[in-house]
Number of protein chains: 2
Amino acid sequence: MQTLDQQVAQRLAASGVRYTSGRRAVVKALTSADGPRSAQELFDELDLPLSSLYRSLAVLEESEVLTPHHGTRGVTRYELAEWAAGHHHHVVCGSCGTVDDVHVDPALEAELERLVAAITDSLSFQPTGHALEVEGRCDACR
Amino acid sequence: MQTLDQQVAQRLAASGVRYTSGRRAVVKALTSADGPRSAQELFDELDLPLSSLYRSLAVLEESEVLTPHHGTRGVTRYELAEWAAGHHHHVVCGSCGTVDDVHVDPALEAELERLVAAITDSLSFQPTGHALEVEGRCDACR
DNA sequence: TTCCTTGCAAACGATTTGCATTGGA
DNA sequence: TCCAATGCAAATCGTTTGCAAGGAA
């Protein structure tokens with residue numbers, strides 16, 4: 001069993017790219033986040049130039065360490081990929097745009113899988129994944 | 001029973017805005033679309049200036065005739081609101097970014113509702129809606 | 001006449017890229 | 001040493017807005 005950092009290092013090495021301090025900082029920040037983060041949000045937290053941040057995010061997405069999440073008003077937020085963060089879904093506040101992770105109970109998740117399968121069954125479409133987004137109003141915006 | 005156009009006209013009138021030819025063109029285009037469309041896509045189809053398109057989309061969203069969908073690469077696509085298009089979900093091609101509507105069988109939809117309720121049950125979150133997005137590869141990109 | 005709406009061009013915000021420099025294996 | 005990575009500034013892309021002209025009630 002390896003640490004997340006070791007697994008990330010391996011993935012990057014496989015693509016022939018380095019796991020530099022800037023990239024480590026991004027992964028670390030996203031590891032402790034409770035939802036996807038935008039480049040700007042990481043910028044505020046990390047003291048790295050924006051352009052480097054964008055480049056790190058692109059590289060990490062390329063290597064499937066991160067997954068992009070396209071949210072309100074044209075901002076892309078990133079989170080650790082499923083293999084690292086575990087499969088989960090999102091609750092999105094329609095008022096402030098905040099996105100929070102929800103880890104769904106395995107029994108419910110299994111039902112959801114079954115539903116997705118039933119839905120795509122009739123389509124000429126190869127499902128590779130699914131995302132359930134629950135919209136609503138968060139505590140703060142109540 | 002009124003036509004869609006009549007209902008849209010009513011909604012707009014309620015907000016004190018006119019249902020102009022440009023706005024009609026947008027609604028018509030989205031009515032016959034099989035998935036959300038971006039301003040650029042409508043521009044290619046409609047011979048209206050981009051800025052007018054954006055303004056029409058904004059007005060129609062404001063009046064809850066259209067709903068925005070935030071997709072790949074920071075582009076916002078619009079579709080008719082649920083009251084007009086019916087509740088449905090999306091299948092998104094991870095390769096070309098195309099988004100297609102899927103109208104889910106009522107029995108399955110009911111199960112989905114129940115699942116969403118079960119999931120949000122434990123959260124201090126007022127759910128107002130949900131969106132299931134199935135990711136995969138479309139026919140063309142197979 | 002009175003507002004709403006439109007078109008054009010300029011402004012914006014998020015993201016990308018060219019290029020010279022730095023840094024790690 | 002050598003190539004990937006970085007930082008800055010300029011460029012791009014999707015989208016918004018100011019302002020003057022056009023249109024409907």
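A polar contact is a pair of N or O atoms within 3.5 Å; within protein, one must be able to donate a hydrogen and the other to accept it, and residues adjacent in sequence count only if both atoms are side-chain atoms.

The model is predicted: local features need pLDDT of at least 70, side-chain atom pairs count only at pLDDT 80 or more, and totals for chains, interfaces and linings use all residues. Residues are numbered from 1 along each chain as its sequence is written, chains are lettered from A and ligands numbered from 1 in the order in which they are written, and side-chain values use heavy atoms, with hydrogens and water left out.

**Exercise 1. Describe the fold of chain A.**

Solution.
Step 1. Take the elements as DSSP runs, numbered from the N terminus: helices are H or I with at least four residues, strands are E with at least two.
Step 2. Chain A then has 6 helices and 6 strands.
Step 3. Along the sequence, the pattern reads α-α-β-α-α-β-β-α-β-β-α-β.
Step 4. Along the principal axes, the C-alpha atoms of chain A fill a box of roughly 45 × 40 × 30 Å.

**Exercise 2. Find the operation that relates chain A to chain B.**

Solution.
Step 1. Superpose by least squares on the C-alpha atoms of residues with pLDDT of at least 70 in both copies.
Step 2. Chain A falls on chain B after a rotation of 179° with 0.0 Å of shift along the axis, at an RMSD of 0.2 Å.
Step 3. This is the relation of a two-fold axis.
Step 4. Both copies use the same surface: 100% of the contact residues of chain A recur in chain B. Contact here means heavy atoms within 4.5 Å.

**Exercise 3. Map the protein around DNA strand C.**

Solution.
Step 1. Count a residue as near if one of its heavy atoms lies within 4 Å of the strand.
Step 2. That gives 15 residues around DNA strand C, with A:Tyr54, A:Arg55, B:Arg23, B:Ser52 and B:Arg55 the closest.
Step 3. Sort by class: Ala, Val, Leu, Ile, Met, Phe, Trp, Tyr, Cys and Pro are nonpolar, Asp, Glu, Lys and Arg charged, and the others, Gly among them, polar. The surface near DNA strand C has 4 nonpolar, 6 polar and 5 charged residues.
Step 4. Assign elements. Helix H4 (50–62) of chain A and helix H4 (50–62) of chain B each supply at least two residues of this surface.
Step 5. Split the DNA side. Of the strand C atoms within 4 Å of the protein, 57% belong to sugar or phosphate and the rest to bases.
Step 6. List polar pairs. Polar backbone atoms of A:Thr76 and B:Arg18 lie 3.0 Å and 2.8 Å from phosphate oxygens of DNA strand C. A base nitrogen of DNA strand C is 3.5 Å from a polar side-chain atom of B:Ser51.

**Exercise 4. Repeat the analysis for DNA strand D.**

Solution.
Step 1. Around DNA strand D there are 15 residues; A:Arg23, A:Ser52, A:Arg55, B:Tyr54 and B:Arg55 come nearest.
Step 2. Of the strand D atoms that come within 4 Å of the protein, sugar and phosphate account for 57%.
Step 3. H4 of chain A and H4 of chain B each give at least two residues to the surface. By class, that surface divides into 4 nonpolar, 6 polar and 5 charged.
Step 4. Collect the phosphate pairs. A side-chain N or O atom of A:Thr20 is 2.9 Å from a phosphate oxygen of DNA strand D. A backbone N or O atom of A:Arg18 is also 2.9 Å from a phosphate oxygen. For a polar backbone atom of B:Thr76, the distance is 3.0 Å.

**Exercise 5. Characterise the largest cavity.**

Solution.
Step 1. Use a 1 Å grid over the protein atoms alone: a cavity is a set of points where a 1.4 Å probe fits but cannot get out, and lining residues have an atom within 4 Å of a point. Points are joined across faces, edges and corners, and the volume is the space filled by probe spheres set on them.
Step 2. The structure holds 1 cavity of 30 Å³ or more. The largest cavity has about 30 Å³ of space.
Step 3. Its lining includes A:His70, A:Thr76, B:His70 and B:Thr76.
Step 4. The lining divides into 2 nonpolar, 8 polar and no charged residues.

Notes
On a 1 Å grid over the protein atoms alone, a cavity is a set of points where a 1.4 Å probe fits but cannot get out, and a pocket is an open set with protein on both sides within 12 Å along at least five of seven lines; lining residues have an atom within 4 Å of a point.
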